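The following paragraphs walk through one protein structure, region by region. Please keep the sequence and the coordinates at hand while reading.

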Amino acid sequence: MAIDTKTVRLDPTASSEAATKDLVAAVSKHQLADLDVSKLTITLTDKPKPLTPPESLVFGKVMTDHMLVANFDPTTGWSSPEIKPYAPLTLDPTSSCFHYCPNVFEGMKAYLGSDGKPRLFRPKLNVARLATSAARVSLPPFDQDAMLKLIERLVVVDSRWIPAAPGYSMYIRPTIIGTRSSLGVAASDSAMIFIILTPSGPYFRTPEALSILATGESVRAWPGGTGGHKLGVNYSPGFLPQQIAAKQGYQQCLWLLGDTVTEAGAMNFFVILKRDDGDLDLVTPPLDGLILPGITRASCLALTAAHSPAHPLPEVSGRTRIHAHERPFTMAEVQSWVARGQLLEAFGVGTAVLVAPVGRIGYQGRDIDLPKYPGVLGPVGSSLWKMLVDIQTGRVQWDDWSVICQ
């Protein structure tokens with residue numbers, strides 16, 4: 001029996017957790033099969049590709065030998081997952097993903113530890129975010145623990161693709177798409193999970209700080225929208241503004257809602273301010289539904305909160321406190337901070353870029369020049385970059401953030 005999508009409605013004012021529970025209950029009611037790692041089948045390629053030299057890698061261009069696929073049928077549930085040679089997908093032209101965009105994905109990375117074992121960075125947070133994103137567009141739920149184990153298995157199968165060079169990793173793209181074969185405007189009761197891998201190096205090849213154009217004419221997200229979820233539909237509307245910014249000499253857009261700062265490109269945005277008492281303020285927009293709850297964002301907040309004389313960040317005195325603030329701020333405030341010499345650093349953070357410095361903001365026809373540092377990143381940004389890399393590669397143990405793939 002298929003899930004009746006008319007009776008499984010998502011309340012747009014409800015939390016993602018509540019929406020997920022509704023969908024899980026629907027699956028349980030009809031006793032449909034969930035993702036099951038014990039049913040995984042693995043078919044290895046008989047034509048493994050040669051590895052690409054790290055210095056030749058361009059983000060997202062080179063795929064590894066294998067991928068993972070599972071399908072959801074409304075009458076039976078999730079199929080047995082399969083790891084198989086990387087190949088094109090076959091989909092009906094009327095599939096929901098082509099017309100109504102119920103497409104969600106995650107961005108994760110596998111790192112090669114000093115012990116030679118592949119590691120994931122806080123992967124439970126990625127899988128949980130994937131689940132809430134899927135719930136937001138009424139895609140079928142899945143067992144999160146099983147999803148994580150399947151990701152680990154695929155990474156192990158293709159672990160030879162993880163570059164050993166410093167600053168390199170293997171990017172992981174778990175994706176769920178709606179595959180309901182009908183042009184009717186309704187939630188997709190059929191779906192496909194596919195996971196693909198690509199070896200990657202530095203996202204921005206140039207060592208200079210980024211230039212970003214503050215734009216409020218095209219908004220990335222709005223109240224009550226989907227900015228807080230990782231949906232494919234959030235990204236394509238930003239392509240044209242990005243092209244416009246590039247023609248004006250800027251590398252990324254700084255997304256505004258009115259005058260309020262939200263995100264920089266596809267990154268969460270941070271500024272570091274000097275206080276009158278000699279301490280530092282770290283300020284980033286709040287998770288108010290407009291901002292993607294980035295895993296790197298959360299990690300940076302946690303690392304700065306732990307900064308102390310006993311556990312200082314590498315390039316910041318332990319006697320200097322860092323006060324974190326998750327609050328709205330405007331371009332008028334940014335201009336004021338710069339004019340007073342109060343703004344010390346600005347940077348974007350995300351899985352692909354880690355920590356990327358910002359050196360120039362275009363706003364209302366003029367450039368706002370930010371402080372420059374010999375190492376490009378300032379002391380706080382550089383410290384966060386070093387700490388994250390050390391944790392991701394297992395050189396530093398920090399709670400359970402680094403997970404060895406089994």
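**Helix α8 and its surroundings**

Helix α8 is followed by Gly394, and the phi angle of Gly394 is positive, near 80°. The model is a predicted one, so the confidence values deserve a word before the details. The mean pLDDT of the protein is 92, with 92% of the residues at 70 or more. Residues 1-16 are an exception to keep in mind: the pLDDT is below 50 over this stretch, although the stretch has 29 contacts in the model beyond near neighbours in sequence.Helix α8 itself covers residues 379-392. How does the span of the 14 residues of α8 compare with 1.5 Å a residue? The end C-alpha atoms of α8 are 20 Å apart, which agrees with the 20 Å that the 14 residues should span at that rise. The helix is mostly covered, as 10 of its 14 residues are buried. In the part of α8 that begins at Val380, the buried residues are Val380, Gly381, Ser382, Ser383 and Leu384. Further along α8, Met387, Leu388, Val389, Ile391 and Gln392 are buried too.

Ser383 can be taken as an example from this helix. Its relative accessibility is 0%, and because buried means under 20%, Ser383 counts as buried. Which residues does Ser383 contact, leaving aside its neighbours within four places in sequence? The contacts are with Leu313, Pro314, Glu315 and Val316.

Asp390 belongs to the charged side of the account. The side chain of Asp390 meets that of Arg395 in a salt bridge, with an N to O distance of 2.9 Å. Is Arg395 buried or exposed? Arg395 counts as exposed because its relative accessibility is 52%, whereas Asp390, with a relative accessible area of 22%, is partly exposed.

**Other salt bridges**

In total, the structure holds 11 salt bridges. One of them pairs the side chains of Asp367 and Arg360, at 2.9 Å from N to O. Asp367 has a relative accessibility of 37% and therefore counts as partly exposed. Arg360, at 24%, also falls in the partly exposed class.

Another salt bridge joins the side chains of Arg275 and Asp277, where the N to O distance is 3.1 Å. This pair is part of a network of salt bridges that links Arg275, Asp277 and Asp281. Arg275 is partly exposed because its relative accessibility is 25%. For Asp277 the relative accessibility is 48%, so Asp277 counts as partly exposed.

**Helix α6 and a nonpolar patch**

Helix α6 runs over residues 295-306 and has 12 residues. From the first C-alpha to the last, α6 reaches 17 Å, close to the 16 Å expected at 1.5 Å a residue. Which residues of α6 are buried? They are Ile295, Thr296, Arg297, Ser299, Cys300, Leu301, Leu303 and Thr304.

On the surface, Tyr100, Leu183 and Val185 make a nonpolar patch of about 320 Å². Leu183, one of the residues in this patch, lies in the loop between β8 (169-178) and β9 (191-200).

Conventions. Residues numbered from 1 in each chain as written. Heavy atoms only, no water. Helix = DSSP H or I, 4+ residues; strand = E, 2+ residues; numbered from the N terminus. Buried < 20%, exposed > 50% of the residue type's maximum accessible area, 1.4 Å probe, protein only. Contact = heavy atoms within 4.5 Å. pLDDT = per-residue confidence, 0-100. Expected span 1.5 Å × (residues − 1). Salt bridge = Lys/Arg side-chain N within 4 Å of Asp/Glu carboxyl O. Patch = residues over 30% accessible without salt bridge, like charges linked within 9 Å, V, L, I, M, F, W, Y side chains within 5 Å. Areas by Shrake-Rupley, 256 points an atom, 1.4 Å probe, with all protein chains shown as cover.
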